[in-house]
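The following exercises are to be worked with the sequence and the three-dimensional structure at hand. Each task is followed by a solution in steps.

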Amino acid sequence: WISEYPMVDFEKLSVRIENLKETLDPIARNEVTCYYRDKAMSCINEVGIRNYSNPMPGYYGPKGQSIIGETLQKIYVNTEIMTNESCAPQNPIAYLFEVMISETAVRLIMDDLGYEYDKARETMNKNL
């Protein structure tokens with residue numbers, strides 16, 4: 001384990017994500033610009049296909065990715081807050097994987113380490 005990063009309490013992770021809902025709602029509804037949405041759209045525009053990348057949320061690892069994805073699906077996809085229209089040209093599952101998991105992980109890292117967005121994103125990408 002890398003000592004500069006906190007231990008992740010996976011049992012509390014879903015609650016932490018639910019507590020970010022107010023911050024994540026505009027991203028889920030595609031009402032604000034965000035780094036990972038811009039990145040996904042750039043890929044779609046350049047290549048003409050969806051990337052469907054498998055986002056790894058930095059030091060949260062595969063277990064964190066699974067918990068983040070399941071929690072976001074429960075909050076946004078199962079409740080139809082994220083729709084085909086709001087996520088176009090992606091569908092809600094692609095949007096969840098290409099945008100929401102990474103945006104959520106960045107905000108968790110911001111909270112963990114007291115970082116601003118860009119530094120938290122760099123930290124997440126450094127630990128892929």
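**Exercise 1. Salt bridges**

Which residues are linked in a network of salt bridges? Determine also how exposed the partners of the separate pairs are.

*Solution.* Some conventions come first. The model is predicted, so local features need pLDDT of at least 70 and side-chain atom pairs count only at pLDDT 80 or more, while totals for chains, interfaces and linings use all residues. Residues are numbered from 1 along each chain as its sequence is written, and side-chain values use heavy atoms, with hydrogens and water left out.

Step 1. Apply the criterion: a salt bridge is a side-chain nitrogen of Lys or Arg within 4 Å of a carboxyl oxygen of Asp or Glu. A search of the whole structure yields 8 salt bridges.

Step 2. Identify the network: its members are Arg-16, Asp-111 and Asp-112.

Step 3. Classify the partners of three pairs by relative accessible area (buried is under 20%, exposed over 50%, partly exposed in between, with a 1.4 Å probe and protein chains only).

| Pair | N to O | Acidic partner | Basic partner |
|---|---|---|---|
| Asp-9 and Lys-12 | 3.9 Å | partly exposed, 38% | exposed, 53% |
| Asp-25 and Arg-29 | 3.8 Å | buried, 13% | partly exposed, 34% |
| Asp-118 and Arg-121 | 3.8 Å | partly exposed, 46% | buried, 15% |

Step 4. Place the pair Asp-118 and Arg-121 in its helix. Both residues belong to α7 (residues 117–126), and, being 3 residues apart, they are separated by about one helical turn. In general, an α-helix has 3.6 residues a turn, so residues three or four places apart point the same way.

**Exercise 2. Helix α4**

Test whether the length of helix α4 agrees with its number of residues, and find its packing partners.

*Solution.* Step 1. Helices are DSSP runs of H or I with at least four residues, numbered from the N terminus. Helix α4 comprises 17 residues, 61–77.

Step 2. The expected span is 1.5 Å times one less than the number of residues. For α4 this gives 24 Å, and the end C-alpha atoms lie 22 Å apart, which agrees.

Step 3. The buried residues of α4 include Ile-67, Ile-68, Leu-72, Ile-75 and Val-77. With contact taken as heavy atoms within 4.5 Å, the buried residues of α4 pack against α1 (10–19), α2 (21–28) and α6 (92–113).

**Exercise 3. The pair α2 and α6**

How are α2 and α6 oriented to each other?

*Solution.* Step 1. Axes are lines fitted to C-alpha atoms, for helices over the stretch in contact, and angles run from 0 to 180 degrees between N-to-C directions. The axes of α2 and α6 come within 11 Å and cross at roughly 150°.

Step 2. Angles over 145 degrees count as roughly antiparallel. The two helices, α2 and α6, are therefore roughly antiparallel.

Step 3. On the side of α2, Thr-23, Leu-24, Ile-27 and Ala-28 take part in the meeting, with partners in α6 that include Tyr-95, Val-99 and Met-100.

**Exercise 4. Backbone geometry in loops**

Locate a cis peptide bond and two non-glycine residues with positive phi.

*Solution.* Step 1. The bond from Ala-88 to Pro-89 is cis, with omega near 10°. Pro-89 lies in the loop between α5 (84–87) and α6.

Step 2. Asn-30 has a positive phi of about 60°. This residue, Asn-30, sits in the loop between α2 and α3 (35–47) and is partly exposed at 28% relative accessibility.

Step 3. Glu-80 also has a positive phi of about 60°. The loop between α4 and α5 holds Glu-80, which is exposed at 62% relative accessibility.

Technical notes:
Parallel < 35°, antiparallel > 145°, perpendicular 65-115°, else oblique.
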